[in-house]
Amino acid sequence: MPPGGGGPMKDCEYSQISTHSSSPMESPHKKKKIAARRKWEVFPGRNKFFCNGRIMMARQTGVFYLTLILILVTSGLFFAFDCPYLAVKITPAIPVVGGILFFFVMGTLLRTSFSDPGVLPRATPDEAADLERQIDIANGTSSGGYRPPPRTKEVIINGQTVKLKYCFTCKIFRPPRASHCSLCDNCVERFDHHCPWVGNCVGKRNYRFFYMFILSLSFLTVFIFAFVITHVILRSQQTGFLNALKDTPASVLEAVVCFFSVWSIVGLSGFHTYLISSNQTTNEDIKGSWSNKRGKENYNPYSYGNIFTNCCVALCGPISPSLIDRRGYVQPDTPQPAAPPNGMAAYGATQPQSDMCDQDQCIQSTKFVLQAAATPLLQSEPSLTSDELHLPGKPGLGTPCASLTLGQPTPPSSMPNLSTEAALTDILPLKEEHVGHQFLTPEEAPSPPRLLAGSPLAHSRTVHVLGLASQDSLHEDSVRGLVKLSSV
């Protein structure tokens, strides 16, 4: 064991103190936690989502609720007031058939209204930039200024030239038969039309359900209207026409609703039957995209030339999956470490204010030490004895120290000016005093990080040198600060 107790002091270390506190500076490298969000929550289109993204509708749903009320009220009155009489007088099959039609109508309506019609995802910023770069290369331009891309591209489909229009909202060239819905603000694949009665767009993924809905609704409307008239006629044969109307006011209401709605519903069903048989959409038919008026060589490249085949493709073909993945999770940005608010090290926040010196010079010295120290005083640092404090060829303390680290802040200008001789006077007498003291008891150990004058640590031959900047003035001022702090 070397004399002076240098070895035992190197082995004596303070236990590490947890720096987790309620201070906002406690963890400068803690990463911010970002809650995972689903894609429907940040969907850019004008849509409403329910059941955690499982149900997708347009924002304008008022007419859809009107459709539900008309169907439910009319059917409910029919089953409540007409079916009991008709089941006794004619056959029990009437309410059974009516119930099957009703449930089929409601199922296809909800399936049309609550599903994705075939929305195309918008281009990401990288994809949009890559698309514009491809357009610049294709056009032979390399200018850095902004130039809007051309509105159309041309592709050949079954020998027919089809134009692909560029959507400035979605930043994509829409595929064939796609169009941008102004109400939902989405590009929809094989766009047919936006139907307010179902509260959704009608496109590639829900067109067959829409057609089944209007077709089955036509049958249900005709069915209810026919048997309501039958009910009134049968009662009028017993009690007279006026008395029959007074006895069954619900039947009169049902007949009026069905009479004014059956024409539009049946007509709409017939129109879409024609579109399916020719493999067209409402959008294409209204614009006359494949009309012979545009030219003798203009024809529909999507038609199979057979009515039966066109109907099978539209109604029995596979349903493509949704492209927007509305229930998927949004990839969060890379979390950044949270920087301390005032730039100070977190260690200083763990020290109570009552442990600091009351004198002005001691407070300034403590602030400098806390800012300049690479590691806290509690950690084990390489130590130098007072004999080793003078480096070879460097007689004073005002020279750079080889064991110092770089990258620490410059000490404040308000640092008290202590002479080198005074610092040596405080340090060098430690060489002769209390040479035999080697160990510290728990009662004698000073409370970190302050050093009390007269304590065993102050009379030890070991002087801890903190890792400071390699500049001359920084090293000298740091030693002065430590000496001043220990003397107080």
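**Exercise 1.** Asparagine 158 lies in the loop between strand S3 (152–157) and strand S4 (160–167); in this predicted model, determine whether asparagine 158 counts as buried or exposed, and state what its phi is near.

*Solution.* Begin with accessibility: a residue counts as exposed when its relative accessible area is over 50%. Asparagine 158 has a relative accessibility of 58%, and therefore it counts as exposed. Turn next to the backbone, where most residues other than glycine have a negative phi. The phi of asparagine 158, however, is near 50°, which is a positive value in a residue that is not glycine.

**Exercise 2.** Find the loop that holds asparagine 52, and work out how its exposure is classed.

*Solution.* Asparagine 52 is found between strand S1 (47–50) and strand S2 (55–58), in the loop that joins these strands. Its phi is positive, at about 60°, although the residue is not a glycine. For the classification, recall that partly exposed covers the range between the buried limit of under 20% and the exposed limit of over 50%. Because its relative accessibility is 30%, asparagine 52 counts as partly exposed.

**Exercise 3.** Which residues of the largest nonpolar core touch the most other members, and which helix supplies the largest share of this core?

*Solution.* The largest nonpolar core has 34 residues, and those touching the most other members are Ile71, Phe78, Leu109 and Phe213. At least two residues of this core come from each of S2, helix H2 (62–89), helix H3 (93–113), helix H5 (207–239) and H7. The largest share, 10 residues, is supplied by H5. Apart from this core lies another one of 8 residues, which includes Leu120, Ala123, Ile172 and Cys187. To look at one member of the largest core in detail, take phenylalanine 78: leaving aside residues up to four places away in sequence, its contacts include Phe223, Ile224, Phe227 and Val228, as well as Glu254.

**Exercise 4.** Describe the nonpolar surface patch that contains Val256, and place valine 256 in its helix.

*Solution.* The patch is formed by Val252, Val256, Phe259, Phe260 and Trp263, which together have about 540 Å² of accessible area. Valine 256 belongs to helix H7, which spans residues 249–278. With a relative accessible area of 42%, valine 256 is partly exposed.

**Exercise 5.** How many helices and strands does the protein chain have, and what percentage of its residues is buried?

*Solution.* The chain has 12 helices and 11 strands. Of its 488 residues, 39% are buried. Finally, consider the contacts between residues at least 6 apart in sequence: 70% of these join residues at least 24 apart.

Notes: Residues are numbered from 1 along each chain as its sequence is written. This is a predicted model: local features need pLDDT of at least 70, side-chain atom pairs count only at pLDDT 80 or more; totals for chains, interfaces and linings use all residues. Side-chain values use heavy atoms; hydrogens and water are left out. Helices (H or I, at least four residues) and strands (E, at least two) are DSSP runs, numbered from the N terminus. Buried means under 20% relative accessible area, exposed over 50%, partly exposed in between (1.4 Å probe, protein chains only). Contact means heavy atoms within 4.5 Å. Patches are made of residues with over 30% relative accessible area and no salt bridge: like charges are joined within 9 Å, nonpolar side chains (Val, Leu, Ile, Met, Phe, Trp, Tyr) within 5 Å. Accessible areas come from the Shrake-Rupley method with a 1.4 Å probe; for residues, only the protein chains shown count as cover. A salt bridge is a side-chain nitrogen of Lys or Arg within 4 Å of a carboxyl oxygen of Asp or Glu. A nonpolar core is a set of buried Ala, Val, Leu, Ile, Met, Phe, Trp, Tyr and Cys residues joined through side-chain atoms within 4.5 Å.
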